[in-house]
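Trainee: Could you walk me through the surroundings of the bound ligands in this model? I would like a close look at that one part.

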Amino acid sequence: MTSFKQRVFSGVQPSGNLTLGNYLGAIRNWVGLQDTHETIFCVVDLHAITTWQDPNTLRDATREVAAGMIACGIDPKKSILFNQSQVSAHAELAWIFNCVARMGWLNRMTQFKEKAGKNSERASVGLYVYPDLMAADILLYKATHVPVGADQKQHLELTRDIAQKFNNDYKVDFFPSVEPLIFGEGTRVMSLRDGNAKMSKSDPSENSRINLTDDRDVIAKKIRKARTDSEPLPETLEGLEGRAEARNLMNIFAALSDQTAATICQQYAGQGFAEFKSDLADLSVEVLGPITDEMRRLMGDKAYLDSVLREGASKADAIARPILKEIYDIVGFLRP
Ligand code: AMP
Ligand code: TRP
């Protein structure tokens with residue numbers, strides 16, 4: 001068995017505002033990895049256009065995601081930070097993986113089913129092969145660890161299947177086995193309006209999510225308005241079964257305060273939601289306020305953001321290009 005260098009890769013789509021879900025489920029967990037691993041973080045604009053994006057909005061959202069990552073603690077001196085379309089090897093490897101992955105595998109992807117909805121005949125072909133591009137993102141760098149929210153687990157299993165089939169078909173030990181890193185109390189942050197739906201950038205209801213660009217008043221208002229029920233808070237988490245909205249707020253509280261949901265539950269046992277929500281609003285503002293401020297400051301300096309992405313892309317390309325060359329040789333593409 002080849003031993004692979006520990007390398008982290010993860011990505012976020014610039015398809016709308018960054019949300020509390022992106023922060024708690026993903027980006028926050030990346031910050032610490034910068035000191036222990038080689039880290040590569042990507043604004044995945046090629047993925048974003050699998051659903052319609054207005055070009056100017058896409059450009060802004062790409063800078064905004066980069067600003068958000070930096071504001072959350074991703075340091076361009078420690079990590080490679082770039083946008084996907086600047087490194088063409090991603091699209092090139094994705095094509096090869098389109099030929100490795102099987103229709104049956106992609107037919108099982110739940111994210112496609114959710115995003116395509118009832119009218120899957122009208123979904124883009126890109127949305128269907130989205131997971132092949134994601135596998136290419138990761139394997140182009142032979143990344144070994146991928147920190148994501150729980151919703152990406154199935155895509156990472158597909159990445160492993162693609163790596164394994166490629167290794168088997170071509171009789172090589174080329175791609176590593178990818179480990180998902182899904183940790184913390186915030187791996188699945190749900191909508192503030194519906195505890196059974198994921199908090200998402202693309203939810204039409206603004207009140208369903210907290211955006212990292214929301215100011216302090218808006219954050220507090222959204223928490224106060226969050227849907228709950230009329231029962232008092234129980235002593236243990238079992239008492240929250242079937243109470244998805246309450247459980248979600250408990251998880252958010254826990255994640256933001258670096259405690260377990262069980263501890264928070266005990267602390268508010270027997271009370272209604274008024275004080276709990278007021279404390280959660282204060283906590284959210286305390287944690288997110290400085291991030292919002294820094295994001296806004298960075299968004300005012302487009303030249304800086306563009307230079308970070310450009311330099312990141314050049315570093316990413318320097319790793320990716322030689323690996324893609326090897327892949328082309330393995331596949332049998334003639335390069336006289
Ligand atoms: P996306 O916004 O879909 O590009 O997601 C970027 C990262 O944020 C991925 O690792 C997702 O798993 C994570 N993420 C997105 N929404 C949530 C959520 N509601 N709860 C937890 N993690 C999330
Ligand atoms: N599919 C991921 C999401 O929507 C984003 C993504 C694209 C990604 N490429 C990746 C995440 C590679 C981790 C690794 O959340």
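**Around the two ligands**

Mentor: Happy to! In this predicted model, let us begin with ligand 2, where a nitrogen atom is 2.6 Å from an N or O atom in the side chain of Tyr 130. A nitrogen atom of ligand 2 also has a polar side-chain atom of Asp 137 at 2.7 Å, and an oxygen atom of ligand 2 lies 3.1 Å from a polar side-chain atom of Gln 13. On its own, ligand 2 has 360 Å² of accessible area, and the protein covers 91% of it. Strand E1 and helix H8 (130–139) are the elements that give two or more residues to this shell, with H8 supplying the largest share, 4 residues. Altogether 13 residues surround ligand 2, and Met 134 and Gln 152 are among those that come nearest. By class, they are 7 nonpolar, 5 polar and 1 charged.

Now turn to ligand 1, which has 18 residues around it; Gln 13 is again among the closest, as are Gly 149 and Val 189. Oxygen atoms of ligand 1 are met by polar side-chain atoms: Asp 151 at 2.4 Å, Lys 201 at 2.5 Å and Asn 22 at 3.0 Å. The protein covers 93% of the 480 Å² of accessible area that ligand 1 has on its own. Here strand E1 (7–12) and helix H1 (20–33) each supply at least two residues, and H1 gives the largest share, 4 residues. This shell divides into 5 nonpolar, 9 polar and 4 charged residues.

As for the space itself, ligand 1 occupies the largest pocket, and the space taken by ligand 2 is the largest pocket too.

Key:
Residues are numbered from 1 along each chain as its sequence is written. Chains are lettered from A and ligands numbered from 1 in the order in which they are written. This is a predicted model: local features need pLDDT of at least 70, side-chain atom pairs count only at pLDDT 80 or more; totals for chains, interfaces and linings use all residues. Side-chain values use heavy atoms; hydrogens and water are left out. A residue is near a molecule or strand if one of its heavy atoms lies within 4 Å of it. A polar contact is a pair of N or O atoms within 3.5 Å; within protein, one must be able to donate a hydrogen and the other to accept it, and residues adjacent in sequence count only if both atoms are side-chain atoms. Accessible areas come from the Shrake-Rupley method with a 1.4 Å probe; for residues, only the protein chains shown count as cover. On a 1 Å grid over the protein atoms alone, a cavity is a set of points where a 1.4 Å probe fits but cannot get out, and a pocket is an open set with protein on both sides within 12 Å along at least five of seven lines; lining residues have an atom within 4 Å of a point. A molecule sits in a cavity or pocket if more than half of its atoms lie within 2 Å of its grid points. Ala, Val, Leu, Ile, Met, Phe, Trp, Tyr, Cys and Pro count as nonpolar, Asp, Glu, Lys and Arg as charged, and the others, Gly among them, as polar.
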